[in-house]
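User: Please take a close look at the shell around the ligand. I am new to this structure, so set that part in its wider context as well.

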Amino acid sequence: MIKDKIQIIKRNKIEDSRGWFLKVITGTESNLPKSTGEVYLTLANPGEMKGGHYHLLANEWFTLITGNCLLKLQDVKTKEYKEIVLNSNDPVTIYVPYGIAHAFFNTSKEADFILLAYSDQLFNPVDTINFSF
Ligand SMILES: Cc1cn([C@H]2C[C@H](O)[C@@H](COP(=O)(O)OP(=O)(O)O[C@H]3O[C@H](C)C(=O)[C@H](O)[C@H]3O)O2)c(=O)[nH]c1=O
């Protein structure tokens, strides 16, 4: 029967004053391939920022699903700095490897943004180093 084949997995939407955070794949689900990462969605309210750090190990792929934002990037080794304007009507996926600090600023005064992210590492708090732009 289908009900014995599928899985419905309860998820935890974590809310704070900036918006919410929802992890979609934790990397611990059964039936996954042996090596995987995790998938999450993150929403930023108008004027708020998401990220603001770099990773020691994790490589991430980001796709803006709704809204607009300004992505600030800095290579922590070389100090090279770059800004990219993202608009969900012109979708791109951005690969951000470890060692590149990243922060997504919601530049809208009215609209939220929602960002879809894939990380090739399971969450480990010591992998994230705060970074101020
Ligand atoms: C990453 C993570 C977070 N959390 C909790 C910790 C906080 O209470 C809440 C929000 O986490 P954070 O402040 O890290 O959320 P964002 O600022 O949206 O950052 C996320 O999106 C940006 C764009 C990134 O680049 C980050 O790597 C990613 O963490 O979820 C968990 O419980 N599990 C997790 O795996």
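Analyst: The answer starts with the model as a whole, goes on to the ligand shell and the nonpolar core, and ends with some single residues.

This is a predicted model, in which local features need pLDDT of at least 70, side-chain atom pairs count only at pLDDT 80 or more, and totals for chains, interfaces and linings use all residues. Residues are numbered from 1 along each chain as its sequence is written. The term pLDDT stands for the predictor's confidence in each residue, from 0 to 100. The protein has a mean pLDDT of 92, and 100% of its residues reach 70 or more. The scores of the model are ipTM 0.93 and pTM 0.87.

The protein contains 1 helix and 11 strands. Helices (H or I, at least four residues) and strands (E, at least two) are DSSP runs, numbered from the N terminus. Read from that end, the order of elements is α-β-β-β-β-β-β-β-β-β-β-β. The C-alpha trace spans about 55 × 35 × 30 Å along its principal axes. Among the contacts in the protein with a separation of 6 or more, 73% are between residues 24 or more positions apart; two residues are in contact if their C-beta atoms, placed from the backbone, lie within 7 Å.

UniProt, in an unreviewed entry, lists residues 15-126 as "domain: Capsular polysaccharide assembling protein CapF C-terminal". Its positions are given in the numbering used here, feature names are shortened, and annotations may be inferred rather than shown by experiment. In the model, residues 15-126 are 0% helix and 55% strand, and the end C-alpha atoms of this span lie 22 Å apart.

Now to the part you asked about. Which residues surround the ligand? They are I14, F21, K23, T42, K50, G51, H102, F104, L115, A117 and F123. A residue is near a molecule or strand if its C-beta atom, placed from the backbone, lies within 6 Å of it. Two or more residues of the shell come from each of β2 (19-25), β4 (49-55), β9 (100-105) and β10 (113-119). By class, the shell has 6 nonpolar, 3 polar and 2 charged residues. In this scheme Ala, Val, Leu, Ile, Met, Phe, Trp, Tyr, Cys and Pro are nonpolar, Asp, Glu, Lys and Arg are charged, and the others, Gly among them, are polar.

F104, L115 and A117 appear in the shell, and F104, L115 and A117 also appear in the largest nonpolar core. That core has 12 residues in all: L43, A44, F62, L64, C69, L86, V96, F104, F105, F113, L115 and A117. The elements that give two or more residues to this core are β3 (38-44), β5 (60-66), β9 and β10. With 3 residues, β10 gives the most to the core. A nonpolar core is a set of buried Ala, Val, Leu, Ile, Met, Phe, Trp, Tyr and Cys residues joined through C-beta atoms within 7 Å. A residue is buried if 20 or more other C-beta atoms lie within 10 Å of its own, exposed if 12 or fewer, and partly exposed in between, with C-beta atoms placed from the backbone. Of the 133 residues of the protein, 19% are buried. Within the core, C69 touches L64, L86, F104, F105, N106, T107 and F113, leaving out residues up to four places away in sequence.

Some residues in loops and at the chain end complete the picture. Y98 sits in the loop between β8 (93-96) and β9. Y98 counts as partly exposed because it has 15 C-beta neighbours inside 10 Å. Apart from neighbours within four places in sequence, Y98 is in contact with H55, L56, L57, A58 and N59. Y98 and K109 are 11 residues apart in sequence, yet their C-alpha atoms are 31 Å apart in space.

N31 lies in the loop between β2 and β3. N31 is not a glycine, but its phi is positive, at about 75°. N31 has 5 C-beta neighbours inside 10 Å and therefore counts as exposed. K79, in the loop between β6 (68-75) and β7 (81-87), is another residue other than glycine with a positive phi, near 75°. K79 is exposed, as 7 other C-beta atoms lie within 10 Å.

N124 is in the loop between β10 and β11, and its 11 C-beta neighbours inside 10 Å make N124 exposed. S132 belongs to the segment after β11 (128-130). S132 is exposed because 8 other C-beta atoms are within 10 Å.
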